[in-house]
Amino acid sequence: MTEDGTTAYNSRIEDFRQNEFPMLRDEVYLDHAGTTLYAKSLVDKFAADMTSNLFGNPHSASFSSQTSTSRVEDIRLRVLQFFHADPSEFDLVFVANATAGIKLVAEAFRGNALGFDYLYHQACHTSLVGVREEATSNLCLNDAAINEWLGGTDPIPKSGHHARPVLFAYPAQSNMDGSLFPLEWSDELRRSAQPSDRQVFTLLDAAAFVATSPLDLSNSDTAPDFTVLSFYKMFGFPDLGGLIVRRQAAPIFQSRRYFGGGTVDMVVCLKEQWHAPKLQALHESLEDGTLPVHSIIALDSALDVHRQLFGSMKDVSSHTSFLSRRLRGGLTTLKHGNGQPVCVMYSQPSSTSRGSNFSVRNGPVVAFNLQNHLGTWISLAEFEKLAVLKRFHVRTGGLCNPGGIAHALGLEPWEMKRNFSAGFRCGTDNDIMNGKPTGVIRVSLGAMSTVSDVDKFVAFVAEFYQTKHVHEPTPLPVSSTRQDLTDLYVDSITVYPIKSCGGFRIPTGITWEVRAEGLAWDREWCLVHRGTGQALSQKRHPRMALIRPEIDFSSGQLRVSYRGSSLEQCQPEISVPLSANPSLFQANTTSKPMASRVCGEEIAAQIYTSGEVTNFFSTVLGVPCALARFPPGGLGKSMRHAKAHLQKHQKVNKKIQYRIPCQFPGMDTPPDSDSESEKQRILLSNESPILAINLSSLEALNRQITEHGGKAVSPEVFRANIVIGSSSSEPESSAYLEDHWSSLRIGQQDFKMLGSCRRCHMICIDQETAEKSEEPFVTLTKTRRFDGKVFFGTHMCHVSSSRIGTKESQFPTMMVGDSVLVDPT
């Protein structure tokens, strides 16, 4: 396709995208390697097919069953023809997904009496890596090792059994960085083998490749023995996979031991154990149980609509290749003001030589990481928070490609094991450890991607991660001390009895107890999913903001109401006693009760059994959930500790402090920390016993928001326990000074500062309406991002009084209006 042709093709997609992909309105979807998107025409065509035909279970002789059987076989043939595979040379086995196809092949080799040796490329998906656990021996190969193998050097130890089969697996396209690998390897391995050598089979993972590239299996002599793919990566729907088997390799499945319904002609159970597998067609002996008939029928519609909208796979490949080059070029040209690149690229341009026998080609995938102008890595978790707010859909992390990630990031096995020992797990926020990232950002393109998608993403990276004007670190004036800040006071106090739900504001004139775990009754309850035990959060369920708890001491009840639109079959209010009555909670009668989890941490919560209470919360949120309690004073999993801590380079109580260079001009202050601190007990708060914000800092933030046309945010979005106000005529003069405080005295109580509060996009949820917006996170990203993380507010904990025997030490309290002293002596 020529440049003019590519432009015309892109314009055609722009013309029909609004109608065919209405879900993309205001969204930029760049995760096609995960799954591409389904067209409206596909859903409509499939629905028409389903409502105009009667499809039964194929394992019957009825007309509806025979209709299903006929359609399934027609579609099986059509898929083979789509890949130019002669049905006399290949068979297609329908499976749940590519991983299921891989497992089917592994089952066959595992059943071999001599076992099998397994070799796999370092760029393999985790699902291919896992096959090694079934093998007699296994070895991970890089490009150089494969070149040597093709040159005649056997990578398998000579001690291996000469009759044992070898299975070699590799991806047609890396799901991590888009690297394309030679489809000729299968043929070259067969031709390089000596007559006396044992048989080598090849397993090709084509799932990522076939989504945007044509796969030609017209020559069975050169094709892989087994090819796995996922149709949802090609068409968005149905959720279905395929295993294409070269018939010359079919005998290996005779070693497969398991059989399911529909794959056998006869089974004997009484007195003898015998069965006869179906032999007429390979797929009949491998498709265990009832086929996903409706998904296969949907595949027929998918093939029609894809051709109608996008033309041939060659057209799709040309279009996505053009977009990929544009994306990579745009990201590569981004430089900071000091000349340092914004993006560290892992997807190489197609011209780069990979080895002596072949050169690199790339699919429409761009993998990279971000660095600031000082070379500091940008947190993947923080990047994704901002991307979500700006409606970009990308993938970050290890991408289920351990070998590819280790190679790209230079992670040695001992480093990966050290990271694991230090707490790294798949899905955690530990994305930078010991100075190295643990994952990457992946942008992947699909048939319905456009130039506009690419340009918007490059502009997004430039806006938020490119520092055009680099400033040298400059000394800050001596930080304000308690003599300078004599006008601070407690503006408001709020507790959040139910984690992630609305707050209860303490009335003026009421003293409130301060405990070791935080303010009394703060985050002592939570809502847990009844299926997983996971604590619910506003990030996924914004309506939690409209659930309003109220502590009623006169009745001894926690009263809870819902401030949203009225719901049928839902009471306006429920209540539970403040006292922890054991009869109200689930008894742990099972041998292993379901664990509850808060912030990834397993806890022993007490779950209420009341159907009235459970129905109230489940109806309000539309989620099967239950109320749980985590009272203070517990041990083991009934106890949690704070994670907040001071930054080791925070110059608190020093005469000279230095600005830590911020990503963008703004308030330059040091971020949250990496140093150790003594463990403070907490209940269900995320990081610390108490969270405070400074109204002066909020005023400075709101000024920055409104200057750029945004709407000022209220203190409530930060869900702080204590809001500190200032009676100064110039309150912004004390903005962000809380970063430098080491301690506070509020009324008669002392508090220790534990570090700045790292923020997520939950602060963009309006606590009065539960509506989401971009602010204040977007502005904070530009003005309060340090080491790739965004901060606002400060963590703190109560310090027990040394004045033993006083009322203040026996029953610590605070109230609205109390004076606030900074770093008192």
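Cavities and sheets in a predicted model

Biologist: Which residues lie nearest the centre of the second largest cavity?
Modeller: A cavity here is a set of points on a 1 Å grid over the protein atoms alone where a 1.4 Å probe fits but cannot get out, and lining residues have an atom within 4 Å of a point. This is a predicted model, in which local features need pLDDT of at least 70 and side-chain atom pairs count only at pLDDT 80 or more, while totals for chains, interfaces and linings use all residues. Residues are numbered from 1 along each chain as its sequence is written, and side-chain values use heavy atoms, with hydrogens and water left out. The second largest cavity is lined by 13 residues, and those nearest its centre are His 32, Ala 33, Gln 173, Ala 208 and Ala 211.

Biologist: What is the volume of the largest cavity?
Modeller: A volume is the space filled by probe spheres set on the grid points, which are joined across faces, edges and corners. Six cavities reach 30 Å³ or more; the second largest has about 90 Å³, and for the largest the volume is about 120 Å³.

Biologist: Which element gives the largest share of the lining of the largest cavity?
Modeller: Of the 20 lining residues, Leu 37, Met 234, Phe 235, His 306 and Phe 310 are the closest to the centre of the largest cavity. Helix 8 (231-235) and helix 10 (293-310) are the elements that give two or more residues to this lining, where helices (H or I, at least four residues) and strands (E, at least two) are DSSP runs numbered from the N terminus. The largest share, five residues, comes from helix 10.

Biologist: Which strands are the edge strands of the sheet of seven strands?
Modeller: Two strands pair if DSSP finds at least two bridges between them. The open sheet of seven strands has mixed pairing and the order 2-9-8-7-5-3-4. Pairing on one side only marks the edge strands, strand 2 (90-95) and strand 4 (137-141).

Biologist: Which residue stands opposite Phe 90?
Modeller: Strand 2 pairs with strand 9 (residues 241-246) in the antiparallel sense, over six bridges. Opposite Phe 90, in strand 9, stands Arg 246.

Biologist: Why is one side of strand 26 and of strand 28 left without a neighbour in the sheet?
Modeller: The open sheet of three strands has antiparallel pairing and the order 26-27-28. Strand 26 (547-552) and strand 28 (573-577) stand at its edges, so one side of each is left without a neighbour, because each has a single partner strand.

Key. On a 1 Å grid over the protein atoms alone, a cavity is a set of points where a 1.4 Å probe fits but cannot get out, and a pocket is an open set with protein on both sides within 12 Å along at least five of seven lines; lining residues have an atom within 4 Å of a point.
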